[in-house]
Each structure stands twice: as structure tokens, then as C-alpha cells.
Amino acid sequence: MIKGEDITRESLIEHLTKGFCKVQFRKQTDGKFRSLVCTLDSKQIPAKFAKGVVSSIEGKDDPTKLSVFDLVSRDWRSFYIPNIMYYYTEDHLRGQKEEKTENNEEKGVKNAKRTPIVTGK
């Protein structure tokens, strides 16, 4: 997890262009917290949206604002970099899944026998 003062536009863009990130931030408009699974990796963005990648990376309009492609809603979203509380990189998120799988195997969950449900006829 990368948080607070460790977050820079450059490091976030570097992670987003290589894969995806889960970003937690406070919305500028209403102060509510929001989470996005997003990318700037052109391989993960549909062709009709791809032209937005370059303009997002350049950040000419406002360098504190970053537009990203939301992998859940399949559209562009933006947030202010100073409002980011933290973000997880793709590697970190994949590592968490692997840890959960390993923990389940240690606890015997993977090999647990399942009892079939018998219903009356």
C-alpha cells in the first residue's frame, strides 16, 4: 500500500501504465470516500477510449488532477492526487489473493470435505 505523502503523480502514473491500481480517495465535490480499480495501461483500455491516455498522463489542464480508466464502470473517472488516502498496486493486490489462498490451505479449507445437502423426495 502506498499512502499519503509517499504518493506522487509520477509514481502513480508509473504503476497505472504498467497495470491497474485500487485507489482510495476523498471526492472533491462532497467529501465522501470513493474507491476505484483503475488503469492507464493501454492494453486494458478499449480502443474507443485509448486516446484519453496521453492527455491524462500529460496533465496539462491541472497537474493535481488525474483522469484514469475505471475498470469496473468501463469509463473515464478523475480525482485529485492530494485527496488520495492510499492506493494498492496490481502486484500488491495479486499478492493479497495469493496470501489468502495460502492461508486457506494452511487451515485445511482447500481440502475440506463438503457434506452434500440431502432433500426429501
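How many helices and strands are there in the chain? The chain has three helices and six strands. The model is a predicted one.

## The chain as a whole

Start at the N terminus. From there the elements run β-α-β-β-α-β-β-β-α. The chain has 121 residues, and buried residues make up 29% of them. The chain exposes about 8,700 Å². Carbon and sulfur atoms supply 50% of that area.

Now look at contacts with a separation of 6 or more. Residues 24 or more positions apart account for 60% of these contacts in the chain.

## The sheet

The six strands form an open sheet. Their order is 1-6-2-3-4-5, and the pairing is antiparallel. Which strands stand at the edges? They are strand 1 (2-3) and strand 5 (75-80). Each has a single partner strand, so one side of each is left without a neighbour in the sheet.

A general point helps here. Strands of a sheet pair through backbone hydrogen bonds, either parallel or antiparallel.

## Strand 4 and its two partners

Strand 4 covers residues 65-70. On one side, two bridges join strand 4 to strand 3 (residues 33-39). These two strands run antiparallel. Here cysteine 38 has aspartate 70 as its bridge partner in strand 4.

Six bridges join strand 4 to strand 5, and this pair also runs antiparallel. Phenylalanine 69 has its bridge partner in strand 5, namely tryptophan 76. Strand 4 and strand 5 form a hairpin with four residues between the strands. In this hairpin, arginine 74 takes a positive phi near 60°.

## Aspartate 70

Aspartate 70 sits in strand 4. Is aspartate 70 buried or exposed? Its relative accessibility is 4%, so aspartate 70 counts as buried, the cut-off being under 20%.

What does aspartate 70 touch? Its side chain makes a polar contact of 3.1 Å with the side chain of serine 73. Leave aside the neighbours within four places in sequence. Aspartate 70 is then in contact with Arg34, Leu36, Val37, Cys38, Asp75 and Arg77.

## Two cysteines without a bond

The structure holds zero disulfides. Why is there no bond between cysteine 21 and cysteine 38? The closest cysteine sulfur to that of cysteine 21 is in cysteine 38, 6.3 Å away. That is too far for a bond, because a disulfide needs the two sulfur atoms within 2.5 Å. Cysteine 38 is therefore in no disulfide either, with the sulfur of cysteine 21 as its nearest at 6.3 Å.

Both residues are hidden. Cysteine 21 has 0% relative accessibility and counts as buried. Cysteine 38 is buried too, with a relative accessible area of 0%.

## Helix 1 across the sheet

Helix 1 spans residues 9-18. Which strands does helix 1 lie across? They are strand 1, strand 2 (20-26), strand 3, strand 4, strand 5 and strand 6 (84-89). Helix 1 runs at about 15° to strand 4.

The buried residues of helix 1 are Arg9, Ser11, Leu12, Ile13 and Leu16. In general, an α-helix has 3.6 residues a turn, so residues three or four places apart point the same way. What covers the buried residues of helix 1? The cover includes strand 2, strand 3, strand 4, strand 5 and strand 6. Helix 2 (52-58) is also part of this cover.

Technical notes. Residues are numbered from 1 along each chain as its sequence is written. This is a predicted model: local features need pLDDT of at least 70, side-chain atom pairs count only at pLDDT 80 or more; totals for chains, interfaces and linings use all residues. Side-chain values use heavy atoms; hydrogens and water are left out. Two strands pair if DSSP finds at least two bridges between them. Contact means heavy atoms within 4.5 Å. Axes are lines fitted to C-alpha atoms, for helices over the stretch in contact, and angles run from 0 to 180 degrees between N-to-C directions. Buried means under 20% relative accessible area, exposed over 50%, partly exposed in between (1.4 Å probe, protein chains only). A polar contact is a pair of N or O atoms within 3.5 Å; within protein, one must be able to donate a hydrogen and the other to accept it, and residues adjacent in sequence count only if both atoms are side-chain atoms. Accessible areas come from the Shrake-Rupley method with a 1.4 Å probe; for residues, only the protein chains shown count as cover.
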